[in-house]
Amino acid sequence: MTDFHAINIITCAINFTNSSDNYKSVFLHAKTTSMKKIITISILAATGLLFAQCAPKTPASMASSTKAPADEVAAIKQKYTQEQMDHGKTISLNSCNKCHSYHEASEFSVAKWEKVLPSMTHKAKLNDDDSKLVSAYLISNAKLN
Ligand code: HEC
């Protein structure tokens, strides 16, 4: 992901240098003030577009890991009802003790849960909805310290 962003930004920078050179020569050849005005406006518009393109696109799942654990828990509690969390707990009790003993939510930190849950919900063969509920339950009851 980081490599991809770096390449994206470099490509954008190269595009930008190339296009600004082109604009410069066009600009020098423009004879009238109104032509220059139009070119200037185009350059500004193109620059804006380029910068918009160059801005790193952070997927929502990545953005959440930069939040403080307590904020993340608060966000989850806002998103899911108590009923959904309880359902997540039930699913976890049924699916997360098949290969190892059941790990209580409070055994691990938010960061640890976020690290292991994608592979564990996969191992447990949970569908998307169930994975989300299990993750919501475990993360929101994680060890906070
Ligand atoms: C198919 C077997 C299997 C299932 C089902 C499974 N796990 Fe695991 N789990 C493992 C294995 C193997 C490890 C240790 C190696 C690893 O991380 O892959 C592990 C490790 C873990 C750990 C890390 C424990 C530590 O001390 O670091 C946690 C936490 C965990 N599992 C939670 C879960 C949860 C929650 C579920 C249900 C969604 C689940 N597991 C379902 C096989 C499974």
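Of the 145 residues in the protein chain, 14% are buried. The structure is a predicted model, and the protein chain within it contains 7 helices and 0 strands. Read from the N terminus on, the elements therefore follow the order α-α-α-α-α-α-α. Among contacts between residues at least 6 apart in sequence, 79% join residues at least 24 apart.

The packing of the helices may be considered next. Two packed helices are described by the angle between their axes and the distance between the axes. Helix 7, which spans residues 128-140, can serve as the point of reference, and its partners are taken in turn.

The partner treated at the outset is helix 5, residues 82-95. Helix 5 and helix 7 pack with their axes 7 Å apart, at an angle of about 100°. Angles of 65 to 115 degrees count as roughly perpendicular, and helix 5 and helix 7 are therefore roughly perpendicular to each other. On the side of helix 5, the contact is made by Q84, M85, H87, G88, K89, I91 and S92. On the side of helix 7, the contact is made by D130, L133, V134, A136, Y137, L138 and S140. Sorted by class, the contact of helix 5 with helix 7 comprises 7 nonpolar, 5 polar and 2 charged residues.

The next partner is helix 6, residues 110-123. The axes of helix 6 and helix 7 lie 10 Å apart, and the angle between them is about 160°. Because angles over 145 degrees count as roughly antiparallel, helix 6 is roughly antiparallel to helix 7. Helix 6 passes helix 7 in a right-handed crossing. In this contact, V110, W113, E114, L117 and T121 of helix 6 meet S131, V134, S135, L138 and I139 of helix 7. These residues divide into 6 nonpolar, 3 polar and 1 charged. V134 and L138 of helix 7 are among the residues named in the contact with helix 5, and both are also among those that meet helix 6.

Helix 4, residues 69-79, also packs against helix 7: their axes come within 9 Å and cross at roughly 135°. This angle makes helix 4 oblique to helix 7. The crossing of helix 4 and helix 7 is left-handed. Here E72, V73, I76 and K77 in helix 4 meet A136, I139 and S140 in helix 7. By class, this contact has 4 nonpolar, 1 polar and 2 charged residues.

Three individual residues show how position and surroundings can be read together. T121 lies in helix 6. Is T121 buried or exposed? T121 has 23 C-beta neighbours inside 10 Å and therefore counts as buried, the cut-off for a buried residue being 20 or more. Leaving aside residues up to four places away in sequence, T121 touches L126, S131, V134 and S135. T121 and S92 are 29 residues apart in sequence, yet their C-alpha atoms are 9.1 Å apart in space.

P118 is also placed in helix 6. With 12 C-beta neighbours inside 10 Å, however, P118 counts as exposed, because a residue with 12 or fewer is placed in that class. P118 and K132 are separated by 14 residues in sequence and by 9.7 Å in space, C-alpha to C-alpha.

K125 is found in the loop between helix 6 and helix 7. Its 10 C-beta neighbours inside 10 Å mean that K125 counts as exposed. K125 has a positive phi of about 55°, although it is not a glycine.

The ligand completes the picture. Which residues are the closest to the ligand? Of the 16 residues that surround the ligand, the closest are C96, C99, M120, K123 and A124. The elements that give two or more residues to this shell are helix 5, helix 6 and helix 7. Helix 6 provides the largest share of the shell, 5 residues. By class, the residues of the shell divide into 8 nonpolar, 6 polar and 2 charged. The packing of two of these contributors against helix 7 was described above: helix 5 is roughly perpendicular to helix 7, whereas helix 6 is roughly antiparallel to helix 7.

Methods. Residues are numbered from 1 along each chain as its sequence is written. This is a predicted model: local features need pLDDT of at least 70, side-chain atom pairs count only at pLDDT 80 or more; totals for chains, interfaces and linings use all residues. A residue is near a molecule or strand if its C-beta atom, placed from the backbone, lies within 6 Å of it. Helices (H or I, at least four residues) and strands (E, at least two) are DSSP runs, numbered from the N terminus. Ala, Val, Leu, Ile, Met, Phe, Trp, Tyr, Cys and Pro count as nonpolar, Asp, Glu, Lys and Arg as charged, and the others, Gly among them, as polar. Axes are lines fitted to C-alpha atoms, for helices over the stretch in contact, and angles run from 0 to 180 degrees between N-to-C directions. Angles under 35 degrees count as roughly parallel, over 145 as roughly antiparallel, 65 to 115 as roughly perpendicular and the rest as oblique. Two residues are in contact if their C-beta atoms, placed from the backbone, lie within 7 Å. A crossing is left-handed if the near helix is turned anticlockwise from the far one by less than a right angle, and right-handed if clockwise.
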